[in-house]
Amino acid sequence: MVNRESIDLDFSRYLLTLKQRWFIVIGIFMLFVGLALYGTRFLKPTYEATGKLLFEVDRTSSLAGIGKGLGELKALLSDQTPLSTQIEIMQSSPLLEKTIKILKLTDSQGNLIEPGSLRSQLKIKILGGTDIVEISCSSKQAKETADVINTLMGVYMSVVDQNNRKDAAKARDFIVEQLPAVQKEVFKAEQALRDFKEKNQVLNLEQEFGSAVNGLSDLNRQITTLESQLNGINSLSKALGNQVGLDLEEAIALNTLSQSPLMKSTLVELEKVESDLTNERKRFRDQNPRIIALIAKKEVLTATLQKQIDQILGKNISLLRGLLTSQGNNNLLQEYVNTETQRLDLTQQLNSLYESRAAYQKRASILPKLEQQQNELERKVQVARVTYETLLKNLEEVQVAENKRIDNTRIIENAVVPENGKTQKSQLLVLGVMLGLISSTASVLLLDILDKSVRSTQEIKNVFDYKLIGIIPFIPKNRSFKFSRIRKNPFVPVIEPSNSLVSELYRMMQANLRLMTSDKTLKVIVVTSAVTREGKSTISANLAASIAQLGYRVLLIDGDMRQPFQHQIWGLVNTPGLCDILAEPLELSSVIRQGMERLDVLTAGLISPNPLGLLDSQNMALLIQNVSKRYDFVIIDTPPLIVAADALILSQMAQGILLVSRPGVIDRETAITVKEILDHSGQRVLGLVVNGINKNELNQYFHHAKRYASPASKNSDFYHHPYKRN
């Protein structure tokens, strides 16, 4: 496979293939060119008309401030151009059908043409770097081209305008349908906001935040002041209470009694009685009626005083009468009561401030949450209002757009009926030439791929990879030669005069064989080929003759006992020969015949039913050993390797194998198989002889030989034209 690919890529091999099949290449090429020339006779002139559309932004809506963006051309993807979309719309089937119906474009049968047929006549493109679209139409009728373009541009603009109006109407219907629902959402959001404010008594949260901070600050300041005052009052009240020795209730009661006039008169009278009782006791004893009367009066006054206390205070309280009578105590008691009263008032004020501060703190703690809820409700209201206002605005815009023509497309060049048409003769000829070149090349490549034969010397060298011993040209069978007067033999040109190029090539072959082999004892050579008809017998005969001309004694053995040919080359009788001497004991001299001076020939003899058994025998080995002593060189002509194993058997008795191959006869697979056979057998291959090469290859290798030839040799017919036929 690798070899196949390397040959396919070998440009020189391709050129050689072209040379070998030039008639096929020229024939196919001329066929296509001829068909193209013949086709130009049927070509009719084609007319082409062109129109141009300009796409621009409609500035009327933007200047009026309404309907902005309506009818503008916009691409869906960033890497697309909106003009490409419009081009596809222009050549869409609905627009083309309208154009066809308006112009009544029909085919040869009178039916309206299909949109695809008209589309194939159109060519729409964007002029580079502009917003202009060029529309071209080609047709066999000149007027039809202009009519198609002008009608198509009109239909396109009309359809676009209708589509824009339809889009505006759809948008209007949609907005009208959505407005009630959106308005309801606005009312619902506003009602939710009002309910929230009423429920949470919210007027202005921002101001309430500020007033809460200021109120807490004032309350804290007042609380601090009252706490300081209360601490002072508490200290004073405690000191007065210690001095008075009464609790607050007693002090208040005592103070209340001291303020009563009746109590004061009773106390004065009681004090007087007590004073009189004291004075009388200084004079009288207790049994004195006066003292008894004073004591009785004192008791009555005391009971009256207690009764008055109970009546004033409403409860039974026992008070020391000394407290009621002492003016100093009354002042202290009054101060104590006033102080306690002030303390109680401060305490009440402070508690009220505490409650107010707690209320402020509680309100302040829920203000952030209220603010968040209010913001959410306000956002809903705002979104609903914006949506509603946007729908109202869009409703106005689409109503304007529905009644307005959007002029973003303008015809800047109408199509004109063309006067001159164009034919495509040159294009058809170029197409014919290109198809001819491609078809001829493909045909040659296809034939080359299908042809498995090896067609050049270089290919044979690449496949076998042996040392090249000689190159022998192809000689036609009907060729007449000028041989020497001694003998005329068309199969052995080496015996011709020395001015023959073919004979010189044979002599060069034997010289290369002797010089390129390092074995100085080279005597027995087996000559074979891969397949039949490669000229191994002719090569064997000429090789033996060229060596014999050097003065060596040479024996040529025809070892091909299947299809012997040496007796025909030398004009000898085939029997008795090799088969006879191997089958029964005969004298060697009785079977050997002279081919030329110093060259003896041992023909194949009678064809044996088992030639391989005769060759692979002790008699054959003894024969080779015997003739090697009597002759300087022994050349054995053997059957092809692909046919029989005779050459491999005989090569074991020789110093090597000379392989003959002929281009055009051997195929690649067979050559590879023979190469593997030789490599696996381990036989020594002395070299390769390429036989039957053509004139071109011969000139390629020996074109310089003409310069060195003598005048006599230049006149040699064999030198100049070794392939020339009579």
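**Exercise 1. Determine whether Arg 533 is buried, partly exposed or exposed, and describe its backbone.**

Step 1. The relative accessible area of Arg 533 is 65%. Buried means under 20% relative accessible area, exposed over 50%, and partly exposed in between (1.4 Å probe, protein chains only). Arg 533 is therefore exposed.

Step 2. The model is predicted: local features need pLDDT of at least 70 and side-chain atom pairs count only at pLDDT 80 or more, while totals for chains, interfaces and linings use all residues. Residues are numbered from 1 along each chain as its sequence is written, and side-chain values use heavy atoms, with hydrogens and water left out.

Step 3. Arg 533 sits in the loop between strand 6 (524–529) and helix 18 (536–548). Helices (H or I, at least four residues) and strands (E, at least two) are DSSP runs, numbered from the N terminus.

Step 4. Phi of Arg 533 is near 65 degrees, a positive value in a residue other than glycine. Most residues other than glycine have a negative phi, and most peptide bonds are trans.

**Exercise 2. Place Asp 465 and give its phi.**

Step 1. Asp 465 belongs to the loop between helix 16 (457–464) and strand 5.

Step 2. Its phi is near 55 degrees, positive although Asp 465 is a residue other than glycine.

Step 3. With 61% relative accessibility, Asp 465 counts as exposed.

**Exercise 3. Find the residues joined by a cis peptide bond, and locate Pro 576.**

Step 1. Thr 575 and Pro 576 are joined by the cis bond, with omega about -10 degrees.

Step 2. Pro 576 lies in the loop between helix 19 and helix 20 (578–583).

**Exercise 4. State how many aromatic pairs the whole structure holds, and analyse two of them.**

Step 1. The search finds 4 aromatic pairs. Rings of Phe, Tyr and Trp (its six-membered ring) pair if their centres lie within 6.5 Å; planes under 30 degrees apart count as stacked, over 60 as edge-to-face and the rest as tilted.

Step 2. One of the pairs is Phe 55 with Tyr 156, at 6.1 Å centre to centre and 65 degrees between the planes, hence edge-to-face. Phe 55 is in strand 1 (residues 47–55) and Tyr 156 in helix 8 (residues 142–199), so this pair ties together parts 101 residues apart in sequence. Phe 55 is buried at 4% relative accessibility, and Tyr 156 is buried at 1%.

Step 3. Phe 491 and Phe 565 also form an edge-to-face pair, with 5.6 Å between centres and 90 degrees between planes. Phe 491 is in the loop between strand 5 (468–473) and helix 17 (501–516), and Phe 565 in the loop between strand 7 (554–558) and helix 19 (566–570), so the pair ties together parts 74 residues apart in sequence. Phe 491 is partly exposed at 32% relative accessibility, and Phe 565 is partly exposed at 25%.

**Exercise 5. Explain why strand 5 is largely enclosed, and identify the bridge partner of Gly 470.**

Step 1. Of the 6 residues of strand 5, 5 are buried, so the rest of the structure largely encloses the strand.

Step 2. Strand 5 runs parallel to strand 12 (residues 685–693), and 5 bridges join them. Two strands pair if DSSP finds at least two bridges between them.

Step 3. The partner of Gly 470 in strand 12 is Val 689.
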